[in-house]
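User: I am new to this structure. Please take me through it and explain the terms as they come up.

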Amino acid sequence: MIPVRATFEKRRRAKYISHLDLMRCMQRAFRRAGVPIWFTEGFNPHAYLMFPLALSLGYESGCECMDFRIDGDMSMQEAMERLNRVLPPDLQIKAVAEPVRKHTDIAFADYAIALDCADASVSAESLRNAWDAFIVQPEILVEKKTKRGTAEIDVKAQSQILDTQTTGNGLLLKLRTPAGTSVNVNPGLLIDAFLAWLPEHMPDVRTGMMHAERLAILCEDGTDFA
Amino acid sequence: MNLFDQIEPLLLKVQKPARYIGGEPGSIMKDKADIRARFAFCFPDRYDVGMSHLGMKVLYSCINKRPEYWCERVFAPDTDFEALMREHHLPLYALESLEPVRDFDFIGFTLQYELCYTNILNMLDLAGVPIYQRDRGEAIAPIVCAGGSCACNPEPIADFCDMFFLGEGEELDLEVMDLYVKMRDAGATRSEFLKAASQIQGVYVPSLYDVTYNEDGTVNAVTPKDGAPATVRKRIIENFDACPSPEEFVVPFSEIVHDRAVTEVLRGCLRGCRFCQAGFLYRPFREKTPETICEQSRKLINNTGYEELSLCSLSTSDHSRIEEMMDGLLTFTENEHINLSLPSLRVDNFSTGLMNRLRRVRSSGLTFAPEAGTQRMRDVINKNVSEEELMRTCKIAFDAGQTSVKFYFMMGLPTETDDDIRGIIELAQRVVDMFYEGERRPKGKPVQISCSIATFVPKPFTPFEFHPQDTREMIAHKQKVLEEALAGHKRIRASTHFPETSILEAVLAKGDRRLCDVIYGAWKRGCIFDAWSEHFRYDLWLEAFAEAGLNVEFYANRPRPYDEVFPWDHLDYYVDKAFLIRENEKAKQAKSTKHCRLSCAGCGVTKVTGHPCFDYHQNSKA
């Protein structure tokens with residue numbers, strides 16, 4: 001039995017596969033690929049697959065993780081090649097390795113968020129100025145859905161802004177938020193707060209499409225999880 | 001023109017966006033440079049319904065096997081996405097290329113249910129294609145076509161379609177595409193192509209037929225022109241066992257209604273239940289050998305990765321070698337953690353041997369369709385199932401540990417009385433009593449009998465096509481009788497349906513060409529997704545009928561004499577009208593007809609095929 005941690009990417013059309021659907025999609029991919037995945041024991045055996053950290057719908061990523069076990073005579077390299085042949089081109093495994101860190105070691109995730117201006121009448125500079133005025137606030141309170149209802153959190157205190165740049169048609173942010181089983185903050189909360197703040201404070205600054213990508217899943221010491 | 005960049009900004013604003021972006025495993029991508037004709041296979045309902053449909057998978061695979069043709073999938077967008085599409089001027093597109101449907105050579109709809117008709121209009125409108133055929137001009141593309149079971153009476157949507165495909169499409173669709181490519185390359189116009197296509201068996205071009213009406217509103221005559229055949233005969237696949245079946249499915253990301261591998265085990269039905277349109281439309285009865293079924297199933301499981309396999313047919317237990325087939329399937333499904341499910345079992349040939357095999361399959365309860373509560377009523381509809389057989393089957397199931405059974409019934413059947421309605425509950429109660437008498441029943445568990453009671457809809461090409469449907473008032477009365485009969489029966493649950501839905505279904509099933517304007521009027525008033533109760537607006541439909549000067553009762557509630565010209569009489573589904581009349585007469589006397597394997601009832605099929613459907617000589621030896 002070989003335990004495997006696969007790192008895969010989720011791009012373009014595959015961005016819209018929900019977390020629940022991804023599980024089913026991967027289970028079926030193992031059967032198509034003929035990779036002997038380990039099945040759980042018991043009354044209702046099922047292919048054992050574990051995704052340590054869910055990705056929001058619509059987010060791209062090049063660093064998603066999936067753990068499984070090979071129950072038979074096959075190298076993890078071959079398993080990866082076989083799986084990639086049956087997975088859609090927008091959902092491909094990039095690397096396989098023996099898992100080192102535990103799931104509970106996950107502490108942060110880094111994201112790149114590109115926010116476009118609505119159209120040519122809005123300049124990237126004005127969007128940048130609006131963002132600076134927004135983010136300079138001492139605290140940014142948002143409602144966060146939890147298992148027990150909603151809670152108010154200071155999303156600014158929870159987010160580290162790693163980089164802010166203007167691009168040809170908007171703003172490019174890099175930020176780090178807590179991730180993992182105990183605290184998990186979706187960077188979308190901060191962006192949603194910004195979008196809600198804009199009409200009241202800078203009504204001329206209208207935004208368009210948002211592109212979000214997860215760049216890294218990190219442990220407490222700042223090293224990569226995978 | 002790939003619309004990805006226009007689609008993407010809308011996706012996170014709608015429910016289940018994965019339905020609108022394609023890219024699923026098994027979806028066929030091709031290079032447009034190699035393609036000579038493109039077919040947009042449109043399912044006029046939501047993705048989760050359409051993706052469950054086996055016929056679409058079959059034809060998708062047939063067309064895509066040809067390297068020069070590309071078949072793509074199109075579904076009706078849900079109302080939230082439709083609103084955004086209209087707001088952002090995003091045209092209806094196909095899920096593989098993400099290119100507009102209006103640029104395709106063929107826009108083909110599958111007609112599975114009459115209440116999808118307004119969705120067809122809505123999809124054509126979203127595509128930017130003129131809804132009425134007469135407005136499409138002489139440019140040859142796109143050709144709007146339709147096939148599937150409702151094509152047996154396509155008159156209510158005849159004005160919207162360039163052509164209909166009658167019967168089985170595996171060979172027919174490709175023949176039409178071949179002719180299209182040849183004629184288009186030679187510069188033919190739409191009408192030239194339609195005229196030529198009407199000569200292919202199975203192609204019905206409605207614009208080549210003039211329909212005249214009598215003063216009372218019935219059809220006077222349907223007259224072909226420009227050399228179109230006087231009757232159009234459906235197509236069938238002669239050698240069904242050798243017929244290519246899909247070895248791959250598009251495997252969806254999001255959950256759909258039937259999310260599993262499906263193998264068709266037989267086509268047609270030998271039973272001849274008089275209410276059942278499918279039982280007559282899909283004749284003759286043809287089956288695949290267990291070897292073919294097992295091989296196709298195994299390939300499908302390997303290629304799709306599905307964890308569940310289902311068998312598809314009108315009556316799986318009528319397969320002459322079902323136990324062999326089950327043994328073959330179970331040998332690999334059990335080893336590979338595959339669930340096997342068998343819908344469409346009959347109660348009269350449900351053997352202990354079959355039950356023992358079924359016990360090895362994880363089962364979510366048994367479903368049977370006695371269809372009627374009394375023996376007299378079952379004889380009228382030719383559902384040759386006796387109460388003893390039903391009881392025996394339920395006993396086998398209870399002894400095997402089942403505690404719930406679901407029954408399907410109908411109300412509003414010809415000659416039905418209130419006693420027949422009460423008979424439904426009485427029958428269910430006798431099953432309950434039998435459960436508690438059983439010694440091997442699971443102890444400490446109550447039994448649950450669920451009865452789903454649909455309103456009967458008389459359909460073309462059945463012996464009951466002559467019958468009026470019960471009026472709304474009659475149905476309401478019978479539902480009340482049922483409710484009263486149910487009082488005090490704690491272990492029985494009964495559910496009924498909206499009668500209005502069934503009434504509209506009857507009208508559209510047996511309607512004529514004048515209904516095109518009614519359907520258009522209903523759609524203009526906002527009717528779509530009529531099959532979904534939350535969208536169904538009967539009041540708007542009635543307005544559309546009134547506007548067209550027509551009424552529901554003429555179509556649904558009028559007994560139709562044997563000598564009347566029916567709107568579908570020029571379409572030939574192998575089954576003679578004379579046979580339907582004979583069967584209807586036997587129904588009136590509550591006389592049943594033996595199933596086809598026992599003796600030939602002379603339905604007319606053999607006159608076309610030229611040979612008996614079964615080897616009766618061998619039967620008698622056995």
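Analyst: Start with two helices of chain A in this predicted model. Ala130(A), Trp131(A), Ala133(A) and Phe134(A) in H3(A) meet Phe194(A), Trp197(A), Leu198(A) and His201(A) in H5(A). By class, that contact has seven nonpolar residues, one polar and no charged.

User: What makes His201(A) in H5(A) the polar residue of that contact?

Analyst: Histidine is not among the residue types listed as nonpolar or charged, so it counts as polar. The contact has one polar residue, and His201(A) is on the H5(A) side.

User: How do you know that H3(A) is roughly perpendicular to H5(A)?

Analyst: Helix H3 (residues 124–135) and helix H5 (residues 188–201) of chain A cross at roughly 105°. The band for roughly perpendicular is 65 to 115 degrees. That makes H3(A) roughly perpendicular to H5(A). Their axes come within 11 Å.

User: Why is H1(A) also called roughly perpendicular to H2(A)?

Analyst: Helix H1 (residues 19–33) of chain A and helix H2 (residues 76–86) of chain A pack at about 110°. An angle from 65 to 115 degrees counts as roughly perpendicular, so the term applies to H1(A) and H2(A). Their axes are 9 Å apart.

User: Which residues meet between H1(A) and H2(A)?

Analyst: Ala29(A), Arg32(A) and Ala33(A) in H1(A) meet Arg82(A), Leu83(A), Arg85(A) and Val86(A) in H2(A). The classes here are four nonpolar, no polar and three charged. Arginine counts as charged, and the arginines are Arg32(A), Arg82(A) and Arg85(A).

User: Where does chain A touch chain B, and which helix gives the most?

Analyst: In the interface, 19 residues of chain A are in contact with 18 residues of chain B. Helix H1(A) gives the most to the chain A side, with six residues. That side has eleven nonpolar, two polar and six charged residues.

User: What does the predictor say about its confidence in the complex?

Analyst: The ipTM is 0.91 and the pTM is 0.95. Chain B averages a pLDDT of 94, and 96% of its residues score at least 70.

User: Why is Tyr555(B) called buried?

Analyst: Tyr555(B) has 27 other C-beta atoms within 10 Å. The cut-off for buried is 20 or more, so Tyr555(B) is buried. This residue lies in helix H19 (residues 552–556) of chain B. Leaving aside neighbours within four places in sequence, Tyr555(B) is in contact with Ala506(B), Val507(B), Lys510(B) and Gly511(B).

User: What makes Tyr616(B) partly exposed?

Analyst: Tyr616(B) has 14 C-beta neighbours inside 10 Å. Buried needs 20 or more, and exposed needs 12 or fewer. The count falls in between, so Tyr616(B) is partly exposed. Tyr616(B) is found in helix H22 (residues 616–621) of chain B.

User: How do you know whether Phe529(B) is buried or exposed?

Analyst: Phe529(B) has 20 other C-beta atoms within 10 Å. The rule reads 20 or more, so Phe529(B) is buried. Phe529(B) lies in the loop between helix H17 (515–524) and helix H18 (538–547) of chain B. Phi of Phe529(B) is near 50°, a positive value in a residue other than glycine.

User: Why is Thr415(B) called partly exposed?

Analyst: Thr415(B) has 14 other C-beta atoms within 10 Å. That is between the limits of 12 and 20, so Thr415(B) is partly exposed. Thr415(B) is not a glycine, yet phi is positive, about 70°. Thr415(B) lies in the loop between strand S16 (404–411) and H14 of chain B.

User: Which residues have the most contacts inside the largest nonpolar core?

Analyst: They are Phe39(B), Ala40(B), Met163(B), Ala428(B) and Ile519(B), in a core of 240 residues. Helix H14 (residues 418–437) of chain B gives the most to this core, with eight residues. Met163(B) touches several residues, including Ile143(B), Cys145(B) and Leu194(B).

User: Which peptide bonds are cis?

Analyst: One joins Ala141(B) and Pro142(B), with omega about -5°. Another runs from Arg283(B) to Pro284(B), with omega near 0°. Pro142(B) lies in the loop between helix H5 (117–127) and strand S4 (143–147) of chain B.

Terms used
Residues are numbered from 1 along each chain as its sequence is written. Chains are lettered from A and ligands numbered from 1 in the order in which they are written. This is a predicted model: local features need pLDDT of at least 70, side-chain atom pairs count only at pLDDT 80 or more; totals for chains, interfaces and linings use all residues. Two residues are in contact if their C-beta atoms, placed from the backbone, lie within 7 Å. Helices (H or I, at least four residues) and strands (E, at least two) are DSSP runs, numbered from the N terminus. Axes are lines fitted to C-alpha atoms, for helices over the stretch in contact, and angles run from 0 to 180 degrees between N-to-C directions. Angles under 35 degrees count as roughly parallel, over 145 as roughly antiparallel, 65 to 115 as roughly perpendicular and the rest as oblique. pLDDT is the predictor's confidence in each residue, from 0 to 100. A nonpolar core is a set of buried Ala, Val, Leu, Ile, Met, Phe, Trp, Tyr and Cys residues joined through C-beta atoms within 7 Å.
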